[in-house]
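This report describes one protein chain, beginning with a single side chain and ending with the chain as a whole. The sequence and structure come next.

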Amino acid sequence: MAAWLTVVGIGEDGYSGLGKPARRALLDARLIVGSPRQLELLPHCLSAERLLWPSPFSLGPVLAARGTPVCVLASGDPMLFGVGASLARQVPAEEMQVFPAPSSFSLAAAQLGWALQDVSCLSVVARPLAALHNHIHPGQRLLVLSNDGSSPAAIAQLLVERGFAGSRLRVLEHLGGPLQRSIDGLANAWALSEVAALNVLAIDCVAAADARLLPLTPGLPDSAFAHDGQLTKRDVRAITLARLAPLPGELLWDVGAGCGSIGIEWMRAHPSCRTIAIEANGERQGLIAQNRDALGVPALQLVAGSAPAALHGLPQADAIFIGGGVTIPGVLEHCWANLRPGGRLVANAVTLQSEAALVNWRETHGGELTRISVAQALPLGEFDTWRTALPITLLHAVKP
């Protein structure tokens with residue numbers, strides 16, 4: 001089928017800022033779909049029916065018109081946090097054409113004099129603010145698409161709570177149009193509760209001496225997590241994640257998640273990494289929810305229940321970590337069966353019984369066993385001595 005769907009990126013300069021191909025598509029369309037603001041930018045001479053996006057948002061009206069000339073209006077570049085990317089997942093590429101306008105990020109970078117390749121471009125449109133935590137680091141520059149006019153004030157408060165109160169903020173409203181305006185300030189002195197709903201927030205991250213810094217390497221300090229003692233400790237966690245070996249887009253099952261430390265650090269390895277954490281204890285479920293937000297991975301999915309029953313129906317995993325329950329009948333077998341070929345299974349054991357379960361399982365399925373022993377120098381009277389934590393037996397197996 002020839003291209004029947006055209007996605008037109010339209011800026012604040014409206015119809016006059018469109019190129020000839022985009023104008024031609026609008027003239028030929030039988031249906032034009034967009035937001036009230038976007039539809040108001042069009043001239044009255046266009047003959048197509050005009051349709052507002054439904055609430056709650058749905059692509060249904062567009063997909064139902066397949067085969068007839070349809071134009072969808074989008075802000076700026078439709079393929080950058082835009083409706084074009086959503087449509088591309090539903091409509092074959094040969095049935096769709098896209099005419100982008102300059103994105104809000106491009107317009108903001110041009111106004112600020114920032115090199116776009118050196119900036120983290122983010123969106124909190126219908127997304128939790130907590131996702132910003134993974135991008136707030138000293139000296140970093142961020143461009144954030146705001147969800148609404150209250151977003152800059154909420155982000156300023158988040159920066160203050162993280163110890164980045166001196167960060168420099170600039171709100172850029174209505175970029176590329178006659179109403180364009182910028183508002184400057186510091187996070188700890190931000191006084192505007194509302195700005196224009198259509199805005200981009202530019203952030204120069206400045207850390208105070210006591211700022212809570214979250215390094216990108218695996219093995220965050222134990223103090224970064226709220227926990228009840230059920231925590232894979234820092235050094236063991238770093239070794240475990242090295243064996244799990246996260247890659248972009250991969251899914252981890254964190255079985256017996258405790259406070260969620262392994263699954264959280266898996267997701268912090270790359271923005272597209274995903275985790276399903278399985279935990280039966282209600283209090284620890286609350287700790288997982290608290291930690292995933294505080295450490296910048298609010299998309300972590302939490303399943304309440306015990307393995308193996310809670311594992312049924314989950315999507316196939318690229319890697320699986322079992323932090324507890326290896327002695328429960330069926331847990332190791334179910335995890336191995338639902339691991340994709342080439343996937344990694346890592347299980348940690350502390351007790352003799354759980355260690356024996358890993359040894360027996362390895363005899364049938366293969367893999368490597370590693371004994372991890374960590375000792376810290378701690379005071380003993382007037383002197384120091386080594387205090388050794390309980391040794392960990394780690395099983396690492398790769399599915400053929």
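Leaving out residues up to four places away in sequence, His174 touches Glu12, Leu179, Gln180, Ala196 and Leu198, where contact means heavy atoms within 4.5 Å. With Glu12 there is a side-chain to side-chain polar contact of 3.3 Å. A polar contact is a pair of N or O atoms within 3.5 Å; within protein, one must be able to donate a hydrogen and the other to accept it, and residues adjacent in sequence count only if both atoms are side-chain atoms. His174 lies in the loop between strand E8 (168–173) and strand E9 (181–186). Helices (H or I, at least four residues) and strands (E, at least two) are DSSP runs, numbered from the N terminus. His174 counts as buried because its relative accessibility is 18%; buried means under 20% relative accessible area, exposed over 50%, and partly exposed in between (1.4 Å probe, protein chains only). From the C-alpha of His174 to that of Val200 the distance is 8.6 Å, with the two positions 26 residues apart in sequence numbering.

The model is predicted: local features need pLDDT of at least 70, side-chain atom pairs count only at pLDDT 80 or more, and totals for chains, interfaces and linings use all residues. Residues are numbered from 1 along each chain as its sequence is written, and side-chain values use heavy atoms, with hydrogens and water left out.

**Asp318 and His334**

Asp318 belongs to strand E14, which spans residues 317–322. Its relative accessibility is 13%, so Asp318 counts as buried. The Asp318 side chain reaches the backbone nitrogen of Leu251 at 2.7 Å. Apart from neighbours within four places in sequence, Asp318 is in contact with Gly249, Glu250, Leu251, Arg274, Leu339, Arg340, Gly343 and Arg344.

His334 sits in helix H10 (residues 331–337). This residue is buried as well, because its relative accessible area is 16%. Beyond residues up to four places away, His334 touches Trp253, Pro308, Leu311 and His312. Pro308, one of these partners, is in the loop between strand E13 (301–304) and strand E14, and the peptide bond leading to Pro308 from Ala307 is cis, with omega near 5°.

**The loop between E3 and H3**

A cis peptide bond also joins Ser55 and Pro56, where omega is about 5°. Pro56 lies in the loop between E3 and H3. Ser58 is found in the loop between strand E3 (49–52) and helix H3 (60–64). A polar atom of the Ser58 side chain lies 3.0 Å from the backbone nitrogen of Gly60. Is Ser58 buried or partly exposed? Ser58 counts as partly exposed, because its relative accessibility is 29%. Between Ser58 and Gly367 there are 47 Å in space, C-alpha to C-alpha, and 309 residues in sequence.

**Positive phi values**

Phe81 and Ala126 are non-glycine residues with positive phi, as tabulated here.

| Residue | Phi | Loop | Relative accessibility |
|---|---|---|---|
| Phe81 | about 55° | between strand E4 (70–75) and helix H4 (83–88) | 40%, partly exposed |
| Ala126 | near 55° | between strand E6 (120–123) and strand E7 (141–145) | 74%, exposed |

**The whole chain**

The protein chain has 11 helices and 19 strands. Along the principal axes, its C-alpha atoms fill a box of roughly 80 × 55 × 35 Å. Of the 400 residues of the chain, 45% count as buried. Among contacts in the chain with a separation of 6 or more, 65% are between residues 24 or more positions apart.

The accessible surface of the chain is about 18,900 Å², and carbon and sulfur atoms hold 55% of that area; accessible areas come from the Shrake-Rupley method with a 1.4 Å probe, and for residues only the protein chains shown count as cover. The chain carries 29 positive and 32 negative charges, whose mean positions are 5 Å apart. Lys and Arg count as positive and Asp and Glu as negative, while His and the chain ends are not counted. Each charge is placed at NZ of Lys, CZ of Arg, CG of Asp or CD of Glu.

In an unreviewed entry, UniProt lists residues 5–185 as "domain: Tetrapyrrole methylase". UniProt positions are given in the numbering used here, feature names are shortened, and annotations may be inferred rather than shown by experiment. In the model, this span is 25% helix and 24% strand, and its end C-alpha atoms lie 42 Å apart.
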